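Dear colleague,

I am passing on the structure we talked about, together with some notes on what turned up in it. Please have it open beside you as you read.

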Amino acid sequence: MKFKAMTAIAALLLAPAAFAGGADDDVLVINGEIEMTTKADAPAHLDGALDQVISGWHFRADETQQLETDDFENQGMIFVDQAIDQWNTAAGSEGKSCADCHGAPEDNMAMVTATYPKYDSDAGELQTVQMQMNECRTERMGADPWKYDSGAAVNMEALIASVGRGTPVQVAIDGDAAPYYEQGKEMYYTRYGQLELSCANCHEENFGNYIRADHLSQGQINGFPTYRLKNAKLNGVQSRFKGCIRDTRAETFSPGSDEFVALELYVKSRGNGLSVEGPSVRN
Amino acid sequence: MRLTAIAAAVTLVAGVAHAESHSGAVAPEDVQYGETGAVATSLSGMPGDAANGQVVFSTKSMGNCVSCHAVAQLTDVPFQGEVGPELTWSGESRSEEELRGIVANAKMSFDGTVMPAFYKTNGYIRPGNGYTGKAAEGDLPPILTAQQVEDVVAFLLTLKEQ
């Protein structure tokens, strides 16, 4: 480690034009108490495609990283507070709130983000957290579903993630989840659009490199929803996928589509072993 | 290697010149790539303009080459990318024919490369209408015109150790 740092410095001195590449060696502890796993051995199913899985946190500038270490600085937590109000507010024809069925989120929701998307045998489909929330709204509360990745939905997703922070991501990819995993994997390696770029071209082959001003990460989703300094709100996973595919000059998919649900499972599984980190702070 | 590329290029000249006598420019689907991916003659039938090529290279809505490649000579272009190799010496290390082939369709020179093809119109998966995220309407024009490819090649040829 020490040696690597020294060679890196030597290389920088020799070639001052080179960028400092790769993930940094910083350690993430939130609120001085939640110790986060931001680097982990790659899960076996990645089959050597990556040696190590790394949270997007490591690719951000120090000032951005810092914002995530304290809930008072993490502006994503403002939206979590809004979601807490929502959690406790009755909605729909049944006059029920989330709290009426689930109590306190920290008591009953801590494992949700780590294990979703998850196959629901009653519904007969793979469900993301947002799909599960809408099932509760429409079938148990008599309320309207939230539009996929709308503010209310992403804020609630962030509340649920926040109470699971530090838990290792551990989505199941076998059994009924397997076909979704395979579909998502196929998408991950498909070179979409006029630029013919796949997720893997940028996030597997080139993480650590700069593409213009952007320092490419592994495109992990353990930190979602992300609070982005760029748009000052919480951003959903599938909206991020949409943006990345659009940037290949492709016809993208929509948040909530079957394709993106499958892709979410696959990308989430690439981060099995990393801590749930949402709401994270990114640029 | 170098020798075969040149030999292939020479044998191509006749065919390409023939196509050009009709239209002036070679259509994307008619470009003749040599064995190693080189393209022998100007796609537009005209010489390239290096100054314009520099603009194409650095502008997002055109080549946007700088998002992936650094060029030391472009001192006023910030945030040069590192996905592809640095191109500071392209004018010495590559011939005009090789550079033309790489810019037109780098996949003919480097199997499976990340680098996009700039003078190609079909074979895409879910082609979009620019960066709108919407489906392309009808056939897409190539990302760069024949003349823009020539201009970029002319620019790359100026990149030498100074």
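To begin in chain B, Glu96(B) has a relative accessible area of 35% and is therefore partly exposed. Please bear in mind throughout that this is a predicted model. The side chain of Glu96(B) meets that of Arg100(B) in a salt bridge, with 2.5 Å from N to O. Its partner is placed otherwise, for Arg100(B) has a relative accessible area of 0% and so counts as buried, the limit for that word being under 20%. Both residues belong to helix α4 of chain B, which runs over residues 96-104, and they sit 4 residues apart, which is about one turn of the helix.

The helix can also be set against a record: an unreviewed UniProt entry carries the annotation "domain: Cytochrome c" for residues 48-160 of chain B. Over that stretch, residues 48-160, the chain is 30% helix and 0% strand, and the C-alpha atoms at its two ends are 17 Å apart.

Salt bridges come up in chain A as well, and a search of the whole structure, taken over all chains, gives 13 of them. One joins Glu135(A) to Arg140(A), whose closest N and O atoms are 3.0 Å apart. Here Glu135(A), at 12% relative accessibility, is counted as buried, whereas Arg140(A), at 36%, is counted as partly exposed. Another joins Glu277(A) to Arg282(A), with 3.2 Å between the closest N and O atoms, and in this pair both Glu277(A) and Arg282(A) are buried. These two residues are also part of a network of salt bridges, in which Glu68(A) is linked with Glu277(A) and Arg282(A).

One further residue in chain A may be of use to you when you look through the model. Ala143(A) lies in the loop that connects α7 (129-141) with α8 (151-162), and at 10% relative accessibility Ala143(A) counts as buried, because buried means under 20%. Which residues does Ala143(A) contact, once its neighbours within four places in sequence are left aside? They are Ala91(A), Gly92(A), Arg137(A) and Thr138(A). As for distance along the chain, Ala158(A) is 15 residues from Ala143(A), and the C-alpha atoms of the two are separated by 20 Å.

With best wishes

Definitions and conventions:
Residues numbered from 1 in each chain as written. Chains lettered and ligands numbered in written order. Predicted model: local features only at pLDDT ≥ 70, side-chain atom pairs only at ≥ 80, totals over all residues. Heavy atoms only, no water. Buried < 20%, exposed > 50% of the residue type's maximum accessible area, 1.4 Å probe, protein only. Contact = heavy atoms within 4.5 Å. UniProt positions renumbered as here; feature names shortened; annotations may be inferred. Salt bridge = Lys/Arg side-chain N within 4 Å of Asp/Glu carboxyl O.
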